[in-house]
Amino acid sequence: MDQGRESRWEKDAMTVEIVFALVTAAALALAVFVPVWAFTHVFQVNGPARQGVLTGGAVLGAAAGLWRLVRVLLRFDAQRRQGH
């Protein structure tokens, strides 16, 4: 009947997995950035050093979030292809 096309359940599962991946990626990025931000406030880092530390924290947070996003979606795709 629906050969080669995804069912409604499969589409819903993909949507849930994408939202899960985005939310957990954002949470991980925030969990990486917040300690860096707190470090600059606790130790009163100012000037160019503060900007560099915050930029580094933002880059690390973004990289961690992107890693999480890709990892979750690739794992879901592998499971979907196996029929789980």
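**Exercise 1. Salt bridges**

How many salt bridges does the count come to? List them, place each partner in its helix, and say how far each charged residue is exposed.

*Solution.* The structure is a predicted model, and the count comes to three salt bridges.

Step 1. Start in helix α1, which covers residues 8-42. Here the side chains of arginine 8 and aspartate 12 meet in a salt bridge with an N to O distance of 3.3 Å. Both residues belong to helix α1 and stand four residues apart, about one turn of the helix.

Step 2. Turn to helix α2, which covers residues 47-82. Arginine 80 and aspartate 77 form a salt bridge there, at 3.1 Å from N to O, and the two are three residues apart, a separation of about one helical turn. Aspartate 77 also forms a salt bridge with arginine 81, where the closest N and O atoms are 2.9 Å apart; in this case the partners are four residues apart in helix α2, again about one helical turn. Through these shared partners, Asp77, Arg80 and Arg81 are joined into one network of salt bridges.

Step 3. Classify the accessibility, for which the cut-offs are under 20% for buried and over 50% for exposed, with partly exposed in between. Arginine 8, at 58% relative accessibility, is therefore exposed, while aspartate 12, with a relative accessible area of 34%, is partly exposed. In the network, arginine 81 counts as exposed because its relative accessibility is 66%, whereas arginine 80 at 34% is partly exposed, and so is aspartate 77 at 24%.

**Exercise 2. The aromatic pair**

Which residues form the aromatic pair, and how are their planes arranged?

*Solution.* Step 1. A search of the whole structure gives one aromatic pair. The pair consists of phenylalanine 39 and phenylalanine 43, whose ring centres are 5.0 Å apart and whose planes make an angle of 50°.

Step 2. Planes under 30 degrees apart would count as stacked and those over 60 as edge-to-face, and the pair of phenylalanine 39 and phenylalanine 43 is accordingly described as tilted.

Step 3. Add the accessibility of each ring-bearing residue: phenylalanine 39 is partly exposed at 39% relative accessibility, and phenylalanine 43 is exposed at 57%.

**Exercise 3. The loop and an unusual phi**

Where is glutamine 44 placed, and what is its phi?

*Solution.* Step 1. Glutamine 44 is located in the loop between α1 and α2.

Step 2. Its phi is positive, at about 50°, although glutamine 44 is not a glycine. As background, most residues other than glycine have a negative phi.

Step 3. Glutamine 44 also counts as exposed, because its relative accessibility is 63%.

**Exercise 4. Leucine 69, leucine 22 and a nonpolar patch**

Which residues does leucine 69 touch, leaving out those up to four places away in sequence, and which residues make the nonpolar surface patch?

*Solution.* Step 1. Leucine 69 has its place in helix α2. With near sequence neighbours up to four places away left out, leucine 69 touches Ala21, Leu22 and Ala25. Of these, leucine 22 is found in helix α1.

Step 2. Compare sequence separation with distance in space: leucine 69 and isoleucine 18 are 51 residues apart along the chain, and their C-alpha atoms are separated by 8.4 Å.

Step 3. Ile18 and Leu22 join Leu73 in a nonpolar surface patch of about 240 Å². A residue in such a patch needs over 30% relative accessible area, and leucine 22 has 48%, so it is partly exposed.

**Exercise 5. The overall form**

Is the protein a compact globule or more spread out than one?

*Solution.* Step 1. The secondary structure comprises two helices and zero strands. The radius of gyration is 19 Å, well over the 12 Å given by the globule rule for 84 residues, so the protein is more spread out than a compact globule.

Step 2. The extents of the C-alpha trace along the principal axes are about 65 × 15 × 15 Å.

Step 3. Consider the contacts with a separation of 6 or more: 73% of them are between residues 24 or more positions apart.

Step 4. Finish with the surface. Of the 84 residues, 19% count as buried, and the accessible surface amounts to about 6,500 Å², with 66% of it belonging to carbon and sulfur atoms.

How values were computed: Residues are numbered from 1 along each chain as its sequence is written. This is a predicted model: local features need pLDDT of at least 70, side-chain atom pairs count only at pLDDT 80 or more; totals for chains, interfaces and linings use all residues. Side-chain values use heavy atoms; hydrogens and water are left out. Patches are made of residues with over 30% relative accessible area and no salt bridge: like charges are joined within 9 Å, nonpolar side chains (Val, Leu, Ile, Met, Phe, Trp, Tyr) within 5 Å. Accessible areas come from the Shrake-Rupley method with a 1.4 Å probe; for residues, only the protein chains shown count as cover. A salt bridge is a side-chain nitrogen of Lys or Arg within 4 Å of a carboxyl oxygen of Asp or Glu. Buried means under 20% relative accessible area, exposed over 50%, partly exposed in between (1.4 Å probe, protein chains only). Rings of Phe, Tyr and Trp (its six-membered ring) pair if their centres lie within 6.5 Å; planes under 30 degrees apart count as stacked, over 60 as edge-to-face and the rest as tilted. The radius of gyration is taken over C-alpha atoms; the globule rule is 2.2 Å times the number of residues to the power 0.38. Contact means heavy atoms within 4.5 Å.
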